[in-house]
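User: Please go through this model with me, taking strands, helices, charged pairs and loops in turn.

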Amino acid sequence: MSREPDREGGGPGPGPLLEARGLCKSFGSVRALIDVNLDLYPGEVLGLMGDNGAGKSTTVKILSGALQPDAGEVRINGRPVLLRGPIDARRAGIETVYQDLAVVPMLDVAENLFLGRELRRRDPLGMLRLLDKASMRRQAAGHLEALNVGVHSVRQRLDTLSGGQRQGVAVGRAVAFGRRVVLMDEPTAALGVRESRRVIELIRSIRSRGLSVILISHNLPQVLEVSDRIAVLRNGRRVGVVRTAETDMQQVVRLITGAEVLDRPAA
């Protein structure tokens, strides 16, 4: 069994699409991240795992621009990028699906898909910029159909949809506007078995469209099923990265619990 994926160590194939190098982040006396390195390759699903407090959400918040690191940098296609906020991340082609989905239940499907990026048209007098609801509905229907997200109508309010359908709308929004990377933070945490299966299918659909995914989840069987590699954090440090095809549940659990460490901190 390989202790470290060849591609991360500079083997053949394309270089990383997204890199985190030496990320450090503290909150007061709590060191949430300590010199964390991550690589995400084109068309890859990278599982990011660890126990509560391991640093997973902090990592994703830095990659999404919601937090700035105390040290370290983020690179896209080998070039450092400054993510001062979520808008910078979006401009860099990074979209995030949060656990709470960041949707508005009182708005309809199309309005949620274009939330914050509404399409507008000028009124006949050219004085006002009105919402172009027809275009938003048409494009929203096309995006959701391409992902096979089953909703009766894009005019439905989100509070009439199931949890899995709402998740599908949030994922559809990320795919519609993401050009490179989709970050997914516990996407199946509040879903039943059937709806969780649908989210796994959505992740596969995202990968088939050429996007890369970082998937945070406590559901180890799901991560093993859908990921290409798994990175494990423990107490703010990266303790190992393994190829999914070359590992098993027992090894990942050992990494999560600290019984096994593949990455040794520098002396």
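The questions and answers below deal with these topics one by one.

User: What kind of model is this, and how are its residues numbered?
Analyst: This is a predicted model, in which local features need pLDDT of at least 70 and side-chain atom pairs count only at pLDDT 80 or more, while totals for chains, interfaces and linings use all residues. Side-chain values use heavy atoms, with hydrogens and water left out, and residues are numbered along each chain, as its sequence is written, from 1.

User: How many of the five residues of strand β10 are buried?
Analyst: Strands (E, at least two residues) and helices (H or I, at least four) are DSSP runs numbered from the N terminus, and buried means under 20% relative accessible area, exposed over 50%, and partly exposed in between, with a 1.4 Å probe and protein chains only. In β10, S212, I214 and I216 point one way and V213 and L215 the other way, and all are buried. Strand β10 (residues 212-216) is therefore largely enclosed by the rest of the structure, the number of buried residues being five of the five.

User: Which residue of β10 is the bridge partner of L183?
Analyst: Two strands pair if DSSP finds at least two bridges between them, and strand β9 (residues 181-185) is joined to β10 by five bridges, the two running parallel. Four bridges join β3 to β10, also in a parallel arrangement, and there L46 stands opposite I214. On the β9 side, the partner of L183 in β10 is I214.

User: How far apart are the end C-alpha atoms of α6?
Analyst: The expected span of a helix is 1.5 Å times one less than its number of residues. For the 16 residues of α6 this gives 22 Å, which agrees with the distance in the model, where the end C-alpha atoms are 23 Å apart.

User: Against which elements do the buried residues of α6 pack?
Analyst: An α-helix has 3.6 residues a turn, so residues three or four places apart point the same way. In α6 the buried residues are S196, V199, I200, L202, I203, S205 and I206. They pack against β3, α4 (133-146), α5 (163-177), β9, β10 and α7.

User: Which residue forms a salt bridge with R197?
Analyst: A salt bridge is a side-chain nitrogen of Lys or Arg within 4 Å of a carboxyl oxygen of Asp or Glu, and the structure holds 16 of them. For R197 the closest N and O atoms of the pair are 2.8 Å apart, and the partner is E225. R197 lies in helix α6 (residues 193-208) and E225 in helix α7 (residues 220-226), so the pair ties together parts that are 28 residues apart in sequence. Both ends are partly exposed, R197 at 34% relative accessibility and its partner, with a relative accessible area of 34%, being E225.

User: What is the distance between the closest N and O atoms of E225 and R204?
Analyst: E225 also forms a salt bridge with R204, a pair that links distant parts of the chain, from helix α7 to helix α6, 21 residues apart. R204 counts as partly exposed at 32% relative accessibility. The closest N and O atoms of E225 and R204 are separated by 3.2 Å.

User: Is D88, which forms a salt bridge with R84, buried or exposed?
Analyst: The closest N and O atoms of D88 and R84 are 3.1 Å apart. R84 is exposed, with a relative accessible area of 60%. D88, by contrast, has a relative accessible area of 14% and is therefore buried.

User: Which residues does T244 contact, leaving aside its neighbours within four places in sequence?
Analyst: T244 lies in the loop between β12 (237-243) and α8 (249-257), and counts as buried because its relative accessibility is 10%. Contact means heavy atoms within 4.5 Å. Outside its sequence neighbours, T244 is in contact with L224, S227, D228, R229 and I230.

User: What is the phi of E186 near, in degrees?
Analyst: Most residues other than glycine have a negative phi, and most peptide bonds are trans. E186 is placed in the loop between β9 and α6 and is buried, with a relative accessible area of 10%. Its phi is a positive value in a residue other than glycine, near 50 degrees.
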